Amino acid sequence: MSLAERIGLAAMHRLDPETAHGLALRALQLGLAPAPGPVTSPRLRTRLAGLDLPNPVGLAAGFDKNAVAIAPLSRAGFGFIEVGAATPRPQDGNPRPRLFRLAADRAAINRFGFNNDGMEAIAARLAGRPRDAVVGLNLGANKDSADRPADFARVLECCGPHLDFATVNVSSPNTEKLRDLQGKAALSALLADVIALRDTLPNPVRIFLKIAPDLDEAELADIAEIALDSGIDAVIATNTTLDRDGLHGPHVDETGGLSGAPLFAKSTRVLARLHRLTEGRVPLVGVGGIGSADQAYAKIRAGASALQLYTAMVYHGVSLAARIATGLETLLTRDGFETVADAVGTGTG
Ligand code: FMN
């Protein structure tokens, strides 16, 4: 991390976390954040569900909810970017405060509740996205919607022409009853509708499914079956957790989803389990608690074809993505892997 980034982060941590996040996005838009350009090499270049990535380190949903900083983020070293969640109508989300830093735990708790500018504003921004970046959108449903499954299809219809992939997010803990859509029957029906809509789009949009880390063994087996049968292109494991095990505080009693370091082990277990259950036949995106190249590598060895991160950047800056990609190259070289793909799932025994 550069001295300027270190000073910037120290100053940000004196502010309320949501205000600091707004400033970080503003700094990106103004070109004040690090922009090493795409970090890539023959070893790091990889494919995710048919998408060519310069490196496997992606930006997780929720950081750029309104798609305001895609171009600078794509210059910050990420191999791919997921924006959103977007809902059909604009939505304020839950009252503030709704984002908490747990610095002692290198973690965060959020209960934003899908605050966003709505699909039309987001589609207009996506239309101006850089074409050489890989960009996806996290699909959400309005809190007061009478038909939440239909919301996912509506957002996809509106924004799809500008996307490389779209993520069906039924795993946010911050919209009541949203996670009920992870049940087998509801999820199969929802994905069938989304895929039918996708097939009407002029461009090939990959459909990803993002799951919670709090699923039990039977629920995970159902997800694996759906992943194999529904025609989706990849699964993102995982979203934030409701667990509060082993935290040091403060803020541990806040409601919402926990992300960052304490999520690493749990989300990696779910990833490895899903890799085994699907016998490596469904591309997986590993997300949850990645803060170092070693952790990124562990997710790849547990079965991830690509990665995403968010919370560790709160503590280590946006330049972390480039540092992790560079560190991954070193680890792959050390262990004799010529490509990322060669290492996928090699640590699952
Ligand atoms: N995940 C989604 O699928 N949709 C969202 O809108 C979304 N918003 C988030 C907002 C915040 C403030 C945070 C911290 C996370 C959000 N996430 C969202 C979850 C992240 O995409 C990611 O799955 C999770 O934070 C675990 O990764 P991490 O430990 O690297 O942060």
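This section describes the ligand site, the nonpolar cores and selected backbone features of a predicted model.

The ligand is surrounded by 24 residues, the closest of which are A61, K210, G260, G289 and T311. Sorted by residue class, this shell comprises 9 nonpolar, 13 polar and 2 charged residues. Oxygen atoms of the ligand take part in several short pairings with the protein. The side chain of K210 places a polar atom 2.8 Å from a ligand oxygen, and a backbone N or O atom of G289 is found 2.7 Å from an oxygen atom of the ligand. A further pairing involves Y310, where a polar backbone atom is 3.0 Å from a ligand oxygen. In isolation the ligand would expose 610 Å², of which 98% is buried by the protein. Two elements, β4 (80-86) and β11 (257-260), each contribute two or more residues to the shell around the ligand.

K210, one of the residues closest to the ligand, belongs to strand β9, which spans residues 206-211. Its relative accessible area is 5%, and K210 is therefore classed as buried. Beyond its neighbours within four places in sequence, K210 contacts A61, N138, T167, V168, N169, V170, S171, Q182, I236, T238 and N239. A61, which appears in this set of contacts, is likewise listed among the residues closest to the ligand. With respect to G50, which is 160 residues away along the chain, the C-alpha atom of K210 is at a separation of 18 Å.

The largest nonpolar core contains 88 residues, and the members touching the most others are L126, L137, F152, V168 and I211. Helix α11, formed by residues 320-334, is the greatest contributor to this core, supplying 8 residues. A second core, separate from the largest one, consists of 14 residues, including F80, A234, I236 and A306. Within the largest core, V168 is one of the members that touch the most others. When residues up to four places away in sequence are set aside, V168 touches L139, F152, L190, L191, V194, I207, F208, L209 and K210. The contact between V168 and K210 thus links a residue of the largest core with a residue whose side chain approaches the ligand. I236, a member of the second core, is also in contact with K210.

Two cis peptide bonds were identified in the backbone. One joins G84 and A85, with omega at about 20°, and A85 is placed in strand β4, an element that also gives two or more residues to the ligand shell. The other runs from A237 to T238, with omega near 15°; T238 is situated in the loop between β10 (234-237) and β11. The relative accessible area of T238 is 2%, so this residue is buried. Apart from neighbours within four places in sequence, the contacts of T238 are K210, I211, A212, P213, L263, S267, V270 and V287. Among these contacts, I211 is also one of the best-connected members of the largest core, touching the most other members together with L126, L137, F152 and V168.

Positive phi values occur in residues other than glycine at R106 and E279. For R106, phi is near 50°, and this residue lies in the loop between β5 (99-102) and β6 (107-110). The relative accessibility of R106 is 40%, so it counts as partly exposed. For E279, phi is also near 50°, and the residue is located in the loop between α8 (264-277) and β12 (284-287). E279 is classed as exposed because its relative accessible area is 60%.

A further buried position is provided by G136 in strand β7, which comprises residues 135-139. The relative accessibility of G136 is 0%, so the residue counts as buried. Outside the range of four places in sequence, G136 touches I81, E82, V83, L163 and F165. G136 is also 8.8 Å from V205, C-alpha to C-alpha, although 69 residues separate the two in sequence.

Conventions
Residues numbered from 1 in each chain as written. Predicted model: local features only at pLDDT ≥ 70, side-chain atom pairs only at ≥ 80, totals over all residues. Heavy atoms only, no water. Near = heavy atom within 4 Å. Polar contact = N/O pair within 3.5 Å; in protein donor to acceptor, adjacent residues only side chain to side chain. Areas by Shrake-Rupley, 256 points an atom, 1.4 Å probe, with all protein chains shown as cover. Helix = DSSP H or I, 4+ residues; strand = E, 2+ residues; numbered from the N terminus. Nonpolar A, V, L, I, M, F, W, Y, C, P; charged D, E, K, R; others polar. Core = buried A, V, L, I, M, F, W, Y, C linked by side-chain atoms within 4.5 Å. Buried < 20%, exposed > 50% of the residue type's maximum accessible area, 1.4 Å probe, protein only. Contact = heavy atoms within 4.5 Å.
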